[in-house]
Amino acid sequence: MSSPRSTMSDSIREMYQFSVVDYCMFGGMLILSAACGIYYGFFKRSTNTSSSSSECEDEQDHLPEAGVPAKKPTNTFGSATIDEYLLGSRKLKAFPVAMSLLAGYISGVTILGTPAEIYNFGTQYWLIAVPILLMGVAVCTVYLPVFCSLKLNSSYEYLELRFNPYVRSMASVMFVINQMLFLPMVIYVPALAFNQVTGFNIYVIGAIVCVVCIFYTLLGGIKAVVFTDAWQVVVMFISVVVVVIIGTIALGGPGVIWDRAVEGGRIDFFNFNPSMYERQTFWAVLIGGFFYWTSYNAVNQTMVQRYMSLPNLKTAKFSIYMFVVGTAIFVSVCCYTGLLLYGKYYDCDPATVGLVTTSDQLFPHYVMESVGNLRGMPGLFIAGVFGAALSSLSVILNTTSGVLLEDILKGLFRVTPSSLVANIVVRGSVVVLGLAAMGCLFIVDKLDGILIVSATLAAIGNGTTGGIFTLGMLVPWSNTKGALAGGIAGALLSGWISLGSQFASAAGEVVPHKLPVSVDGCIAELITNTTIVNPIYPDESGVFPLYRLSYHWITPIGVTTVVLVGSIVSFLTGPRDLRYIDPELISPVVHRFLPRESFSYFGTANKGPTCVSEEMQTNIPVDSSAPYGTAANGQNGRVKAHN
């Protein structure tokens, strides 16, 4: 016989179930996503194979020669060329790309996890909006000009130009493994939320979403991904904002929510505790958040590929500024949602009485309990969560397929495939990766180990690759041996910390100190046969110090290790002669410190056409002994002074 508590829990879950309207809203989101793939795959694709123009290229480069007819598409399936499929022929617009960047980062994990973080640990994490904005400035100033000048298909190709193929292979292989392990997580979290509010089988809904995502990514390429992301992020934002507005009004306004949060100890923006062991502090959020966001958004191929789909540096900067402002706003809304959840459950914690089993289920539970009786609202919310999942999934599929072609097949194995083979490899990779993600759904909720491995590799990837790119762009004298040594050292140290902390947490040696909750306001049926005990936290003084570090510090440690070890090893093994380095490989912020002789080699590292941005031109010193209008013996007249 079931207990009164179980009966009450079941009745609450059954009270708010998906209606026909909710299913229609969710189904409409899937149908529109598939339609984008068909539209951009067959009706809105390019009719020529020429590369896109930029503000630095001459128009005649794109005109057909006299008597020679224009080239026709090389295939009739989806995007006409690989350049169009992966980069949209570098002709995309700033706003949809900005929305795609936002949608690609804001996954279902963010929508469900951020409110839970605020609910359990307070508002200190809300300050993450500050490093997000600072990250935008750093990316546009330090990293983006280099990628725009080189006009590469893959960010990791830079590492071969700057160092050697082994450094490129190390970073690209790490990226592919990390993305393959992250794929099932992107699908599983929203599928779990959908299961909670509908009872629908997790694996079936996950498979349906995967198939839809594979379909429109396979057909439309980066164009379908970007423009589908753009309207999906609108659905995301509207779904969360509408729920928040209705919930705020129902509780009596922001003042009531704020007062309850203050009384419950949730308001804390200036925790200046210097301890690196505390989960959320002012320093951890600002410093750790800046390193993490910059490492990911500056050099990760999922982001750089969309930067490169824009025609020029100015447009790319504008897109990034829109992205960071939008992200800061969206994350702030998610943080406020955490306060809303606490305002609702300040005297009856759902986890304590067994209404939810994990913190990530708090928000879906709130939606069903608070607005589940409004037809269409649960469907809108779940459509928003799955829109976030679809956008992240499509970006990973499109980007990883490009890395497999450019960095693994061409870079690592030195294979130069024909256009037909390249198309088969890229589109085949999308299908295989999507099917692999579907297969992993069956094990992701049964094996805790994959969660540990995924979190570990994410920390390794962000810290290591961010450090290597920073070493290459900001430390001109660094050499290949320094990059390899720094990369290995950073990966080992960040992996050691991350893996050790995961195992210490799994063993119960390190437990996050959640803020107190109450069940004083729960109805009697929910607390019957429930023993309420205050949590007892273990003594962590005997745990190895590195395993106790806040997760915010893993990426800064990784980046710093790579740069320090790489710089030292480069000095010990013979620093690079700066007179012969190509300044195009170095960030413009460092150009003023380079010897004048080096600018005669500008553009020599990249064999393709060089586009010198205005920002770079202003940093090229003019040699007074050289002919007027040339920079320091500019090779073949390729570099012109900015007068």
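**View A. Surroundings of Thr-294 in helix 11 of the predicted model.** Thr-294 is part of helix 11, which spans residues 282-299. Its relative accessibility is 7%, so Thr-294 counts as buried, the limit for that class being under 20%. A polar atom of the Thr-294 side chain lies 2.7 Å from the backbone oxygen of Phe-290. When neighbours within four places in sequence are set aside, the residues in contact with Thr-294 are Met-135, Ala-138, Tyr-143 and Val-299.

**View B. Nonpolar surface patch with residues of helix 2.** Ile-38, Tyr-39, Phe-42, Phe-43 and Phe-215 make a nonpolar patch of about 490 Å² on the surface. Helix 2 (residues 20-43) supplies the largest share of this patch, 4 residues. Phe-215 is located in helix 9, which covers residues 202-251. With a relative accessibility of 33%, Phe-215 counts as partly exposed, because this class lies between 20% and 50%.

**View C. Tyr-158 within the largest nonpolar core.** This core comprises 148 residues, and Ile-111 and Tyr-158 have the most contacts inside it. Helix 9 contributes the largest share of the core, 19 residues. Apart from neighbours within four places in sequence, Tyr-158 is in contact with Val-146, Phe-147, Leu-150 and Leu-152, and also with Phe-469, Gly-472, Met-473 and Leu-585.

**View D. The second nonpolar core.** Separate from the core that includes Tyr-158, a second core consists of 7 residues. Among them are Ala-284, Ala-459, Leu-549 and Trp-553.

Technical notes
Residues are numbered from 1 along each chain as its sequence is written. This is a predicted model: local features need pLDDT of at least 70, side-chain atom pairs count only at pLDDT 80 or more; totals for chains, interfaces and linings use all residues. Side-chain values use heavy atoms; hydrogens and water are left out. Helices (H or I, at least four residues) and strands (E, at least two) are DSSP runs, numbered from the N terminus. Buried means under 20% relative accessible area, exposed over 50%, partly exposed in between (1.4 Å probe, protein chains only). A polar contact is a pair of N or O atoms within 3.5 Å; within protein, one must be able to donate a hydrogen and the other to accept it, and residues adjacent in sequence count only if both atoms are side-chain atoms. Contact means heavy atoms within 4.5 Å. Patches are made of residues with over 30% relative accessible area and no salt bridge: like charges are joined within 9 Å, nonpolar side chains (Val, Leu, Ile, Met, Phe, Trp, Tyr) within 5 Å. Accessible areas come from the Shrake-Rupley method with a 1.4 Å probe; for residues, only the protein chains shown count as cover. A salt bridge is a side-chain nitrogen of Lys or Arg within 4 Å of a carboxyl oxygen of Asp or Glu. A nonpolar core is a set of buried Ala, Val, Leu, Ile, Met, Phe, Trp, Tyr and Cys residues joined through side-chain atoms within 4.5 Å.
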